[in-house]
Each structure stands twice: as structure tokens, then as C-alpha cells.
Amino acid sequence: MAKPHHHRRLASVTTTTLLLLAVLHIVRTAAEDEQPPWPICGPEPSSGNYPQNSTYDTNINLLSASLPRNASSSAAFYATGNVGDVPNIVYGQALCRGDVANASACESCVATAFGGAQQACPLYKDVVIFYDLCQLRFSNRNFLLDDDYIVTTYWLQRSRLVGSPAFDGAVGMLVNATADHAVGDSSRRFGTGEVGFNDRRNPKIYALSQCAPDITPEVCRNCLNAIIGQLPKWFSRMTGGGIFGVWCNFRYEVYSFFSGRPLVELPQIVERPPASAPPVIPGGEKRRNSTGKVVAILMPTIAVMLVIAVVYLFCWRRRRPEEDAFLPSQSATSNDIQPIDSLLLDLATLRVATDDFDNSKMLGKGGFGIVYKGVLPDGEEIAVKRLCQTSRQGIGELKSELVLVAKLHHRNLVRLVGVCLEEQEKILVYEYMPKRSLDTILFDYEQNKELDWGKRFKIINGIARGLQYLHQDSQLKIVHRDLKASNILLDFDYNPKISDFGLAKLFGGDQSEDVTSRIAGTYGYMAPEYAMRGQYSIKSDVFSFGVLVLEVVTGRRNDASHNIEQDVDLVNLVWEHWNRGNVIELIDPSLCNHPPVDQILKCIHVGLLCVQRKPASRPTMSSVNIMFSSHTVRLPSLSRPPFFIQDISVSESWTAHSDAYPPGENSTVMSSNQVSITELSPR
Ligand SMILES: *[C@@H]1O[C@H](CO)[C@@H](O)[C@H](O)[C@H]1NC(C)=O
Ligand SMILES: *[C@@H]1O[C@H](CO)[C@@H](O)[C@H](O)[C@H]1NC(C)=O
Ligand SMILES: *[C@@H]1O[C@H](CO)[C@@H](O)[C@H](O)[C@H]1NC(C)=O
Ligand SMILES: *[C@@H]1O[C@H](CO)[C@@H](O)[C@H](O)[C@H]1NC(C)=O
């Protein structure tokens, strides 16, 4: 009896492995990393703009005529200075990186930075700009008196990720070591370093730290500690990153990005491979980065697994799947094998659980099929989704993918309890969510009074975290493609859980490329590039998230068909009010009891950032989460229209500090918004 199972299991393990490799490849090529220069236009507190050909303009030009030379001729490649008189005085600071080749390379970098600053931030009085080899700030304010180590900073975050936890530790150690070197270097306050691993699963790491050379060792240390302290929270697993400020900066990469020998070389990090456990099994906790190794190890692994499979079948066959999902993993091996069988539920059980799919048990109808409420023999309540769509994939492949989806565990994702693939049926079984879906409460005039602002903010935050996990933190990098209020389920405490993730990928169209001929999403939530050209990416999910945020704040649907009396959709309505400065009027009237207006405005701001027309201008979900969780983050400006925005890489950069509300005087571009948004409505 056991024998056929072995074959099936091994076959599906192999396909899953290949699948995972394909996914990893996508992750690698999908990186959209910002190239320098990295500007901050008008950091807080805002200084505003200067008129063209004004005295201020002239003073900037005067500064640019001498500051590059002054910096390059100083021993530390550093200069500060000012030109003109109040009110048109311009203060400047220029610093070249410690490894710049020579004085002329420094001078030309700073000179270029003046041009680059005015191009990236036209007519801003206050600009900070970072290049590979130098940084420049000019301002009407004497910022040289500020000690805002973390406030005015540019954050560089690489989108590629690595899996090994040892990597983060090594980055922290190396960056710390370069910081120590910089603090101790009295002439340049500069340090570089590298560290490698004894195996090939982790790349070699290169890092650099630098302070402005005119500050004391103590100030340099405090400044570097403040920015390096952000590493564990915001840079976990990223293959590169850095924080650049006026007084100090650090940066790390997995390639050599500075010249000269590293000033600090840490001893190789020895990471012991897990003994005897097969290192690569699809869906394992770690993302591997050595595909060659994966294939090499797979063959011997199969033999080991055959043995384990026999034991496993013997011992675990009768175990209930729900239990398995919560078992601590005894070893990598058993953990990796369990779900394939433990996920399978038989049709007979589900028929009993749902009274043979009785209409009275129906919870709702979704794009993929009908959902029933059920109760398993042990009393656990479940939601049973009976899919009507046929998948293009064979059962084997479907199973493997479902196993991968079942491995996604996050408190803001609905847990997949099991699957049933029998007799032409494709059924997914999820944990049951007592408060049903967000739309049933949010858009109900009576029920939405239950949703005070605290709950709504918790819902917005939870969705953002779940989505970041899908996009970046899970091993699969899943684009949801159909994020909407009815796909957000709420547990007893109104914790939001995203449902239907992975389904668009499985059932929604062509798997082979990122342009799908059959669009799976829902109008009203769909990013323009997805609605019109079928192009989807994590940034189209970000768009849907933005719509959702605006819906939660206003209690209104974006779907035009629900607001016939309203001739403009919700997104444009919010944008218009935002520009006129009266967006507060749109806040859901059910939110009485003095909701925190600042926080609500911040949510609206983030929502509008997410629905910008160009995918590249929308923030990533990790940026969104930083914006939500930090009080010091200053959000990117929305002064340009969200639906007709020119190419701005700037928007991904955001500087820290006080959120200035209400913003936006600029309301000139309304007509172009309306034109472009009509493309979004159902045709
Ligand atoms: C600024 O000066 C330049 C050159 O003198 C001229 O071409 C331009 O029209 C002026 N711009 C404004 C706004 O006065
Ligand atoms: C550059 O250095 C010269 C000579 O020390 C000085 O006179 C000038 O003011 C400096 N320029 C600025 C912008 O500070
Ligand atoms: C300075 O460095 C640049 C870049 O490495 C190089 O091209 C140039 O020849 C150097 N100039 C001098 C004077 O050494
Ligand atoms: C880096 O240094 C800071 C402060 O000295 C310390 O708290 C942190 O644990 C260090 N990190 C690592 C990875 O050594």
C-alpha cells in the first residue's frame, strides 16, 4: 500500500524543487534597485523654493564655483562654506568618500553634484544629494548647527534578499567594525571592510562607514550608532543597503563597491551546515542562493528521503493535518516532507463537514468558487472553498504549488488547513474567520460603527504586513493580484488576514510570464498597467492596497458602480480633496469620538502614494510599513499628481521627520487625473 505513495511523493518533491528554482530566478531578476544619485529634496523643516534667476539662484552658482575646489584641496576632501547675506544666504557642505582616487576626481564629483541636485530637485532651497563618491548639501538654513543624525537621511534598500540568518549577523558585525575604524581614524573618519563565509551559500559582504571629518570621535560614534542601529529592523536579509546623512553614513553590498584594500578584514565566518539533513527541499525555511549546489545534492537526497518517507508514512499517516501544521519541526527533513500528505483531506470528510455542500452553509461566492462553512469531526470550524475554475496545471503540479502556498505562515494570512483533489473536485480548506470579510462590515451602514479608528488602523497595518510577507519575506515572492476588501477576513479580534493569495497564480492565467492575457483582478482595485496591459507586479498589489486604505478611511467603495450619484471614483475624490486641503471631510462619519486626525491623514497620504500611476513611483510594502511604524519618517511629497506622474525615482526615497499636514497646495493638474482615471473604469 505504501509503495505508490513513495513515487508520487518523490515526483512531486522533484517538481516542486524545479519550481522553486524558477521562482528564485524571478526574484533575482526582478530587483529594481535605485542607482545614484540619491537626492533628498527639501528635507524637513521645509525651506520652500526659490524663484528662477533670483539672488538665491545666483548664490548657489557662486557656491558651486568654489566649494568643489575647496573640498578637493582639503586633506580630508571636505569643505563647508556659505555665500551671500540673509535672506539669500546659501550654506554648503561637500564631502568626498575616503577612497576617492585623487583631488580631481573629488572636485568633479562635487561639481556634478551641484548640477545633479538642481536637476533632481529643481528650485528647492534645501537639497541633500548622495553620489557614489561624494555628497553635497546646500540650504538657506545653517544646517551645520543641526545634530539630526537620523532625521535627514536617505535610505538605500536593495530589493534582493538572502536567506541565511547568519548573513544579517555578519552584516552587523562588519558594519560595526568599519564604524569602529572610522571613529578611530582622526584624519578622515572613514572605514571599509569585508567578510566572507566558509561556504558558498552566503555571498561575501563589503561595507563602508564614514563621518564628516570635522566632528569629534564621540559625535561620529553617536551618529553611526544611530543609523547602524536601524540594521536589524529594516535591512534584515537585504543584500545591500545603507543610510546616508549629513554627518555620517554607512553602506554595505555583496559586491566590492569601494576601491583599495579593505581597511578591516574580519575572519571568515564558519557556518556549520545542518548535519545529515538534506539542505535543499522546496519550501524549506531558507532560500538558497547556490542553484548548482541544489541540483548536485538532490540525487543523493532522494535516497535518504525514500527511507524517511517509509518511516513517515508509518508514523504519521493518521495524524490530523491541523496538528501537523503546528508541530515544531523535529528536523529539517520531517518538516519538509510532512505537508504533502498531511494537507490532503478526503472528500467524504468535507461532505459531512458541510452537509454535502448545502446552500444553508454557504458563506459567499468568490471569483474562484463558492465558500461553505464546515465543522470538522473534532469541532474545528473551517471555511471550505470549492473551486469552479479549472487550472491549466496537472494535479501533480497543482499539489506541489499548494504545498508551497500552505507553507506560507503569517499572522496576517489566512491559514490553509488542507486541500482535497478528488473526483474532479478542487477544494481548499481554510481556517474559519468569525467576523467574515472586511467589506461586509466596512460598507454596511450599521455594522461599520463597530470599526473604530483603532480597529481600522490595526486592519490597515495588518494587511500591509501580510502583503510585505507575501512580496518579500516569504520564500515564494507571491503577487496577490486580487487584493480587495472581500479578500480581507477578520478574526474575532478584528485582526485582518489576507485570503486567496497564490490563487491567481494557480488559476488566474498564464503562468509563464508576467503579462497575463486573462486578467484576474477586480476593477476598482486594479492598477492601470494591470487593467490595460495585463502587467502585474508587486507594485500592482501596492496599488490595490492603496485603494483599500482609502476605502477603510472613508468607509466608501472605490467601485464606481456602487456610487452612481458620484461622478468621480473614490481615488480621484480623495485626491481632489487632498489638494484642496479639505480631505478631512471624507473621513468616514462613523468615526466619531475624536479619531487621531494626524494618523488618519498619514494613512491617506500613504494610500495616495500607493495609487500613483507609475509602478516605480509607488512605494514597496516594506517602505509602507516603515512609514506606518515610524513617527519620524517624512513621507514623500505628493505635490505632483498621483496619476500622471513623471518618472520619479525620488519617491522611493524618503527622509525622516515630522509629518507636515495638511499638505499640498498644488492642484493644477486635476484634468489630467480625470482623463487617466477613466481608463480604469469597467469597459
Ligand atoms: C532666467 O535667465 C535666463 C538667462 O538670462 C533666461 O533665458 C530665462 O528666461 C530667465 N528665466 C526667468 C524665469 O526669468
Ligand atoms: C573656499 O576657500 C577660499 C580660500 O580659503 C575661501 O576664501 C572661500 O570662501 C571658500 N569658499 C566657500 C564657499 O566657502
Ligand atoms: C585621478 O583619478 C581619476 C580616476 O581614477 C583618473 O582618471 C585620473 O587620471 C587621476 N588624475 C590624476 C591627476 O592622477
Ligand atoms: C554593533 O554595535 C552596537 C553598539 O556598539 C551593538 O549594540 C550591536 O550589538 C553591534 N552589532 C553586532 C552585530 O555586533
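Which residue of strand 3 does Gly81 stand opposite? In this predicted model, the residue that stands opposite Gly81 is Gly92 in strand 3. The points below begin with strand 3 and its two partner strands, then turn to the disulfides, to an open sheet of six strands, and to the surroundings of two ligands.

**Strand 3 and its neighbours**

- Strand 3 covers residues 90-96, and because seven of its seven residues are buried, the strand is largely enclosed by the rest of the structure.
- Val90, Gly92, Ala94 and Cys96 point one way from strand 3, while Tyr91, Gln93 and Leu95 point the other way, and the residues of both groups are all buried.
- Strand 2, made of residues 78-83, runs antiparallel to strand 3 and is joined to it by six bridges.
- These two strands, strand 2 and strand 3, form a hairpin with six residues between them, and in the turn Gly84 has a positive phi of about 85°.
- Strand 3 also pairs with strand 5, residues 134-139, again over six bridges and in the antiparallel sense, and in this pairing Leu95 stands opposite Gln135 of strand 5.

**Disulfides**

- The structure holds five disulfides, and when the bonded cysteines are counted along the chain, the links follow the pattern 1-5, 2-3, 4-6, 7-8, 9-10.
- One of the disulfides joins Cys41 to Cys121, with an S to S distance of 1.9 Å, and with -70° about the S-S bond this link is left-handed.
- Cys41 lies in strand 1 (residues 38-41), whereas Cys121 lies in the loop between helix 3 (103-120) and strand 4 (127-130), so the pair ties together parts that are 80 residues apart in sequence.
- Why does Cys41 count as buried? Cys41 counts as buried because its relative accessibility is 12%, which is under the 20% that serves as the cut-off.
- Its partner Cys121 is buried as well, with a relative accessible area of 1%.
- Another disulfide is formed by Cys96 and Cys106, whose sulfur atoms are 2.0 Å apart, and with 85° about the S-S bond the link of Cys96 and Cys106 is right-handed.
- Cys96 belongs to strand 3 and Cys106 to helix 3, so this pair ties together parts that are ten residues apart in sequence, and both Cys96 and Cys106 are buried.
- Cys211 and Cys220 also form a disulfide, with their sulfur atoms 2.0 Å apart, and because the torsion about their S-S bond is about 80°, the disulfide is right-handed.
- Both cysteines of that link, Cys211 and Cys220, are buried.
- Two further cysteines, Cys420 and Cys610, can be described by their accessibility: Cys420 is buried, with a relative accessible area of 0%, and Cys610 is buried, with a relative accessible area of 0%.

**An open sheet of six strands**

- Six strands form an open sheet in which the order is 6-9-10-8-7-11 and the pairing is mixed.
- Strand 6 (153-157) and strand 11 (264-265) stand at the edges of this sheet, each with a single partner strand, so one side of each is left without a neighbour in the sheet.
- Strand 6 and strand 9, the latter made of residues 241-245, run antiparallel and are joined by five bridges, and within this pairing the bridge partner of Gln157 is Gly241 in strand 9.

**Surroundings of ligand 3**

- Which residues are around ligand 3? The residues around ligand 3 are Ala101, Asn102 and Ser104.
- An N or O atom in the side chain of Asn102 is 2.4 Å from an oxygen atom of ligand 3.
- Taken alone, ligand 3 exposes 360 Å², and the protein buries 26% of that area.

**Surroundings of ligand 4**

- Around ligand 4 stand Gly169, Gly172, Met173 and Asn176, and by class this shell has one nonpolar residue, three polar residues and no charged residues.
- The side chain of Asn176 has an N or O atom that is 2.3 Å from an oxygen atom of ligand 4.
- Taken alone, ligand 4 exposes 360 Å², of which the protein buries 36%.

Methods:
Residues are numbered from 1 along each chain as its sequence is written. Chains are lettered from A and ligands numbered from 1 in the order in which they are written. This is a predicted model: local features need pLDDT of at least 70, side-chain atom pairs count only at pLDDT 80 or more; totals for chains, interfaces and linings use all residues. Side-chain values use heavy atoms; hydrogens and water are left out. Buried means under 20% relative accessible area, exposed over 50%, partly exposed in between (1.4 Å probe, protein chains only). Helices (H or I, at least four residues) and strands (E, at least two) are DSSP runs, numbered from the N terminus. Two strands pair if DSSP finds at least two bridges between them. A residue is near a molecule or strand if one of its heavy atoms lies within 4 Å of it. A polar contact is a pair of N or O atoms within 3.5 Å; within protein, one must be able to donate a hydrogen and the other to accept it, and residues adjacent in sequence count only if both atoms are side-chain atoms. Accessible areas come from the Shrake-Rupley method with a 1.4 Å probe; for residues, only the protein chains shown count as cover. Ala, Val, Leu, Ile, Met, Phe, Trp, Tyr, Cys and Pro count as nonpolar, Asp, Glu, Lys and Arg as charged, and the others, Gly among them, as polar. A disulfide is a pair of cysteine sulfur atoms within 2.5 Å.
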